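Open your viewer, switch on the cartoon view, and keep the selection box handy. We will move from stop to stop, and at each one you will select something and look at what is there.

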Amino acid sequence: MTAPDRPGTDAPQRHAWATGLLALSIRRSVRGGLGGVWVRGPLPGGGAVLAPNHHSWWDGYVLREVALACGQPFSVLMTARQLSRFPFLRRVGALRADEVRAGVRRARAGWLVVFPEGELHPAGPLRGVQPGAAWIARHAGVALVPVALRVVLRGAQFPEAFVRVGPPVDAADLPGALAALLADLDADLLGSDPEAPLAGYLRLVPGRASRSDRVDWPSRLLTWLTGDRA
């Protein structure tokens, strides 16, 4: 964790058009592929390390859109393998997991997402907590915030993202707080009406409406041609 950062760790400033195009692509991906992003809990108003579970391909994109909706700069630590495959993600805040000094700077300036499970895991209970998120939060002097995250298909055509944010915690309390928060979110989903908005959650990022929520022109045409009525 204490290895020095290598030169060129910050996102490149050249070709600003490419950065804008990538940011637009991510936003369109979230809003076109999901039915919305729903949030519950106290979102940090400044520098912080967010420590979420990592059980979905969407996780980083979802939290980036939440950060932007809150007016917060966004960064995320990624594995070296993933960042080597998609190096252009540096343009939208990605850092390699061992770039901890750059991570400390980013956490002081906005939200830094560090997945304490270390890598993507199948959806389910928490798979252990590594110390990196707490280490960076301590050295940056910012809050360590547990975040439960689920991307699920409920009663609509497209999956929805649900984010439940807990209050800041000490390093020793992160594993228990994150596991409890994830259990609370799972209980919220399990006890809900799948065709109704999840009680207590605010849709912070809009998404794609399902056909059950709108009547498109082929449906209207078929109704007109057949004369069918409810």
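Start by selecting helix 5, residues 132-140. Seven of its nine residues are buried, so helix 5 is largely enclosed by the rest of the structure. Keep in mind as you look that this is a predicted model. To see which residues are buried, colour Gly132, Ala133, Ala134, Trp135, Ile136, Ala137 and Ala140.

What covers the buried residues of helix 5? Show strand 2 (48-52), strand 3, helix 4 (100-109), strand 5 (111-113) and strand 6 (143-152), which are included in that cover. Before you leave, click on glycine 141, just after helix 5: its phi is positive, at about 70°.

**Next stop: the largest pocket**

Now turn on a surface and look for the largest pocket, which holds about 890 Å³ of space. Its lining is made up of 32 residues. Select His54, Leu77, Met78, Gln82 and Phe115 to find the ones nearest the centre of the pocket.

Which elements give two or more residues to this lining? You have already met helix 5, and it is joined by helix 2 (59-69), strand 3 (74-78) and helix 3 (80-85). Strand 3 gives the most, with four residues. So strand 3 is worth a second look: besides lining the pocket, it is part of what covers the buried residues of helix 5.

Try colouring the lining by residue type. You should find 21 nonpolar residues, seven polar ones and four charged ones.

**Last stop: the aromatic rings**

Show side chains as sticks, because a pair of aromatic rings is described by the distance of the centres and the angle of the planes. The structure holds five aromatic pairs. One of them joins tryptophan 57 and tryptophan 58 in an edge-to-face arrangement, 4.9 Å from centre to centre with 85° between the planes.

Are these two tryptophans buried or exposed? Tryptophan 57 is exposed, with a relative accessible area of 56%, whereas tryptophan 58 counts as buried at 16% relative accessibility.

Stay on tryptophan 57 and add tyrosine 61 to your selection. These two also pair edge-to-face, at 5.2 Å centre to centre and 70° between the planes. Tyrosine 61 counts as partly exposed, at 22% relative accessibility.

To finish, select Trp38, Phe162 and Tyr201 together: they form one aromatic cluster.

Technical notes
Residues numbered from 1 in each chain as written. Predicted model: local features only at pLDDT ≥ 70, side-chain atom pairs only at ≥ 80, totals over all residues. Heavy atoms only, no water. Phe/Tyr/Trp six-rings, centres within 6.5 Å; stacked < 30°, edge-to-face > 60°. Buried < 20%, exposed > 50% of the residue type's maximum accessible area, 1.4 Å probe, protein only. 1 Å grid on protein atoms, 1.4 Å probe; cavity = no way out; pocket = protein on both sides within 12 Å on 5 of 7 lines; lining within 4 Å. Points joined across faces, edges and corners; volume = space filled by probe spheres on them. Nonpolar A, V, L, I, M, F, W, Y, C, P; charged D, E, K, R; others polar. Contact = heavy atoms within 4.5 Å.
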